[in-house]
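Okay, thanks for squeezing me in, everyone. I'd like to walk you through one model, starting with its pocket and then turning to a pair of helices. Let me put it up on the screen.

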Amino acid sequence: MAGTHATTTPRVHKHAHHHGAALASAAQATLESKGEQWTALRSAVFGVLSRLERPASAYDITELLSREQERRVAANSVYRILDLFVATNLAQRIESANAYIANPHPGCMHDCIFLVCDRCGQAIHVDNDAAAGPVREAAQKVGFVPERPVIEVRGRCAACAAATLA
């Protein structure tokens with residue numbers, strides 16, 4: 001599963017963080033509930049994405065998938081699938097890194113905060129609807145309709161910060 005996930009959402013809300021086959025099943029159910037098909041290629045892309053420990057670019061995912069399938073997979077197909085996964089909440093995009101991670105709870109919508117380590121590349125995903133509230137309000141005050149704020153904080157994860165001090 002990509003990254004570490006912490007839930008700090010102030011309202012009462014329970015959701016499961018899926019792993020392995022349960023994550024793939026939840027992703028498939030979510031995608032199909034949106035009227036989309038769970039094709040072999042979509043399943044393969046999600047499989048690669050969900051096994052990664054860190055956010056990965058579309059090209060990284062394409063390379064891994066091509067090796068797994070022992071054939072060249074077109075990068076533009078992977079890009080389209082990743083766009084669909086982001087649109088349907090199966091994956092999340094780390095904008096500042098131009099990279100993707102699997103969403104551990106694809107059926108739930110939350111405003112996300114990503115803590116991105118500049119040293120090791122790990123992205124820690126924190127669900128926190130309250131933190132994004134002021135961002136939504138600022139957007140609405142100027143007539144913008146925010147759909148899903150994503151906040152990214154660049155820095156060092158606890159392990160990298162500790163290693164730097166040692």
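So, who lines the largest pocket? Going along the chain, you've got Lys 34, then Val 86, Ala 87, Thr 88 and Asn 89, then Ala 91, Gln 92, Arg 93 and Glu 95, and finally Met 109, Arg 148 and Val 150. Two elements each give two or more residues to that lining: helix H4, 75–87, and strand E2, 91–94. E2 has the largest share, with 3 residues. Chemically it's a mix: 5 nonpolar, 3 polar and 4 charged residues. The volume comes out at about 240 Å³. Keep in mind that this is a predicted model.

Now, stay with H4, and look at how it meets helix H3, residues 58–69. Their axes come within 9 Å and cross at roughly 120 degrees, and the crossing is right-handed. On the H3 side, the contact uses Ala 58, Tyr 59, Ile 61, Thr 62 and Leu 65. H4 answers with Ala 75, Val 78, Tyr 79 and Leu 82. What classes of residue make up that contact? We get 8 nonpolar, 1 polar and no charged residues.

Last thing, how far to trust it. The chain averages a pLDDT of 85, and 87% of the residues score at least 70. The stretch to watch is residues 1–15, where pLDDT stays under 50. The model does have 47 contacts beyond four places in sequence for that stretch. But where pLDDT is low, predicted coordinates shouldn't be read in detail.

Notes: Residues are numbered from 1 along each chain as its sequence is written. This is a predicted model: local features need pLDDT of at least 70, side-chain atom pairs count only at pLDDT 80 or more; totals for chains, interfaces and linings use all residues. Side-chain values use heavy atoms; hydrogens and water are left out. On a 1 Å grid over the protein atoms alone, a cavity is a set of points where a 1.4 Å probe fits but cannot get out, and a pocket is an open set with protein on both sides within 12 Å along at least five of seven lines; lining residues have an atom within 4 Å of a point. Grid points are joined across faces, edges and corners, and a volume is the space filled by probe spheres set on the points. Helices (H or I, at least four residues) and strands (E, at least two) are DSSP runs, numbered from the N terminus. Ala, Val, Leu, Ile, Met, Phe, Trp, Tyr, Cys and Pro count as nonpolar, Asp, Glu, Lys and Arg as charged, and the others, Gly among them, as polar. Axes are lines fitted to C-alpha atoms, for helices over the stretch in contact, and angles run from 0 to 180 degrees between N-to-C directions. A crossing is left-handed if the near helix is turned anticlockwise from the far one by less than a right angle, and right-handed if clockwise. Contact means heavy atoms within 4.5 Å. pLDDT is the predictor's confidence in each residue, from 0 to 100.
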